Amino acid sequence: MRKGLHTTAKGPRAWQRMLSGRRLDLLDPSPMDIEIEDIAHGLARVARWNGQTIGEHAFSVAQHSVVVEEICAHIQPDLEPRWRLAALLHDASEYVIGDMISPFKAALGYDYKLFEERLEHAIHTRFGLPAKAPLAVKKLIKRADRACAFFEATQLAGFGYEESIEFFDAPPEGYDLHIEPLSAAQAQIRYVQRYQVLSEAAGFSVTPAAFDTE
């Protein structure tokens, strides 16, 4: 039988094997099948703006997430470590579903949002956070996310200043950013390091490495 024609009574496969060896069920994700190393590895290889950015390296979701956490802390310096961790993990679901641009998410509709939320809740539970962050925290992360998008748009994605203001609003007062896209390996390391710092600061136990490379 030719490849791609084989089917089973169980239906199509709905899980993904991770490099850690975990099998993540995408339709019913278990927190026990989620590892920070898998998230970092995936996000470091997912490009923002569908890769339509200048420079030798794509601007990864991993690097974007580190910046968003930093902006959250700039806007609200007394932000608790656990909510800073939530900011770092705000796009963690994209390690398996990729970074879909906003217009495409809107076209997919509610089912996609429900799928994304289910995975996000499992990730939060895995790392000691409430399944749903407080509304104020979600709004803060969204504001920081848009601020980061402003800098990305103007510096990497070919948007003009006024156009970026229209779509993403002005960045927070007193915060400036010069973006230097990192390689996937560098972005992955930085993401894991930031996770470890925030996890310890929040009083959570450090997650052992799911896999090590030399």
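Start your tour at Arg 126, which is partly exposed, with a relative accessible area of 22%. Keep in mind that you're looking at a predicted model.

Now add Glu 35 to your selection. Arg 126 and Glu 35 form a salt bridge, and their closest N and O atoms are 3.3 Å apart. Trace the chain between the two: Arg 126 sits in helix 6, while Glu 35 lies in the loop between strand 2 (23–25) and helix 1, so this pair links distant parts of the chain, 91 residues apart. Is Glu 35 buried or exposed? Glu 35 is buried, because its relative accessible area is 6% and the cut-off for buried is under 20%. At 22%, Arg 126 lands on the partly exposed side of that cut-off.

Next, select Glu 69. This one counts as buried, at 2% relative accessibility. Which partners should you show with it? Try Arg 194: it forms a salt bridge with Glu 69, with the closest N and O atoms 2.8 Å apart. That pair also links distant parts of the chain, with Arg 194 in helix 9, Glu 69 in helix 2, and their positions 125 residues apart. Arg 194 is partly exposed, at 23% relative accessibility.

Leave Glu 69 on screen and bring up Arg 84. The side chains of these two meet in a salt bridge as well, at 2.7 Å from N to O. Arg 84 is in helix 3 and Glu 69 in helix 2, 15 residues apart. Arg 84 counts as buried because its relative accessible area is 19%, and the cut-off is under 20%. Show what surrounds Arg 84: leaving aside neighbours within four places in sequence, it is in contact with Glu 69, Ala 73, Leu 79, Arg 194 and Leu 198.

Done with charges? The count for this model comes to seven salt bridges, so there are others to hunt for if you like.

Now for the nonpolar side. Select Ile 39, Leu 89, Tyr 95, Ile 123 and Tyr 191: these have the most contacts inside the largest nonpolar core, which has 57 residues. Colour the helices that give two or more residues to this core, including helix 1 (36–43), helix 6 (110–126) and helix 9 (184–201). Which helix gives the largest share? That's helix 7, with 10 residues.

Last stop: zoom in on Ile 39. Not counting residues up to four places away in sequence, Ile 39 touches Ile 34, Ala 92, Tyr 95, Ile 123, Phe 127 and Tyr 191.

Technical notes:
Residues are numbered from 1 along each chain as its sequence is written. This is a predicted model: local features need pLDDT of at least 70, side-chain atom pairs count only at pLDDT 80 or more; totals for chains, interfaces and linings use all residues. Side-chain values use heavy atoms; hydrogens and water are left out. A nonpolar core is a set of buried Ala, Val, Leu, Ile, Met, Phe, Trp, Tyr and Cys residues joined through side-chain atoms within 4.5 Å. Buried means under 20% relative accessible area, exposed over 50%, partly exposed in between (1.4 Å probe, protein chains only). Helices (H or I, at least four residues) and strands (E, at least two) are DSSP runs, numbered from the N terminus. Contact means heavy atoms within 4.5 Å. A salt bridge is a side-chain nitrogen of Lys or Arg within 4 Å of a carboxyl oxygen of Asp or Glu.
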